[in-house]
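Let's go through this model by question and answer, starting with confidence and then moving to rings and cores.

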Amino acid sequence: MRKAQLKKKILSVLRGQKLICLATLANKKPWVRLVVSHNNGLTLYVASYTSSRKIKEIQKNPAVHVVVAKDLSSMRTAYVQIAGCAKIRTDRLVRQKYWHPYMSKYYRGIDDPEYVLIEITPEYIEYWDSEFTDPEIFTPQKPWVRQRVA
């Protein structure tokens, strides 16, 4: 039950459109930038230009780190840190699902070859709250790993 409650708290932070910090590795050093994300459960989606530096970095090394705050108006807000694996998505259905009108300022439309999505699948999540001095840890079950039945 505790894992389900923690997952609910994490989802309350991730839910909706968020300004997040996304870190990739460039020349063996972390590179962090602000991006807009949308979630589908614990999975995050970030729009990007195909030719961007972050896409090239993810193609070399898909390990990423993300920080998401629940509310940017207070330093006492809950937030999560996610270590995950990024995948570049170019399929039309996914690009259509996460298309938003504001994106037309940057892309010619859903079929613009420069428009791709970065799909971030969490491998390890820390939930931080101002009430705790240590994070609560959540490790999502990988869909390809079967749980042992006792």
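pLDDT is the predictor's confidence in each residue, from 0 to 100. This is a predicted model, so local features need pLDDT of at least 70 and side-chain atom pairs count only at pLDDT 80 or more, while totals for chains, interfaces and linings use all residues. Residues are numbered from 1 along each chain as its sequence is written, and side-chain values use heavy atoms, with hydrogens and water left out.

Q: What is the mean pLDDT of the chain?
A: Confidence reaches 70 or more for 92% of the residues. Over residues 144-150, though, pLDDT is below 50, and beyond near neighbours in sequence this stretch has 1 contact (heavy atoms within 4.5 Å). Where pLDDT is low, the predicted coordinates should not be read in detail. For the chain, the mean is 91.

Q: Which strand has the highest mean pLDDT among the elements of the chain?
A: Elements here are DSSP runs numbered from the N terminus: helices (H or I, at least four residues) and strands (E, at least two). At the low end sits strand β7 (residues 136-138), with a mean of 93. The highest mean, 98, belongs to strand β3 (residues 43-49).

Q: How many degrees lie between the planes of Tyr45 and Tyr98?
A: Rings of Phe, Tyr and Trp (its six-membered ring) pair if their centres lie within 6.5 Å; planes under 30 degrees apart count as stacked, over 60 as edge-to-face and the rest as tilted. Tyr45 in strand β3 and Tyr98 in the loop between α3 (92-97) and β6 (115-128) are 53 residues apart. Their rings are 4.2 Å centre to centre and stacked, with the angle at 15°.

Q: Is Tyr115, the partner of Trp99, buried or exposed?
A: The Trp99–Tyr115 pair is edge-to-face, 5.2 Å centre to centre with 75° between the planes. Trp99 lies in the loop between α3 and β6 and Tyr115 in strand β6, so the pair ties together parts 16 residues apart in sequence. Buried means under 20% relative accessible area, exposed over 50%, partly exposed in between (1.4 Å probe, protein chains only). At 0%, Tyr115 is buried.

Q: Which residues touch the most other members of the largest nonpolar core?
A: A nonpolar core is a set of buried Ala, Val, Leu, Ile, Met, Phe, Trp, Tyr and Cys residues joined through side-chain atoms within 4.5 Å. This one has 26 residues, and another core of 7, including Tyr45 and Tyr115, lies apart from it. In the largest core, the residues asked for are Ile10 and Val80.
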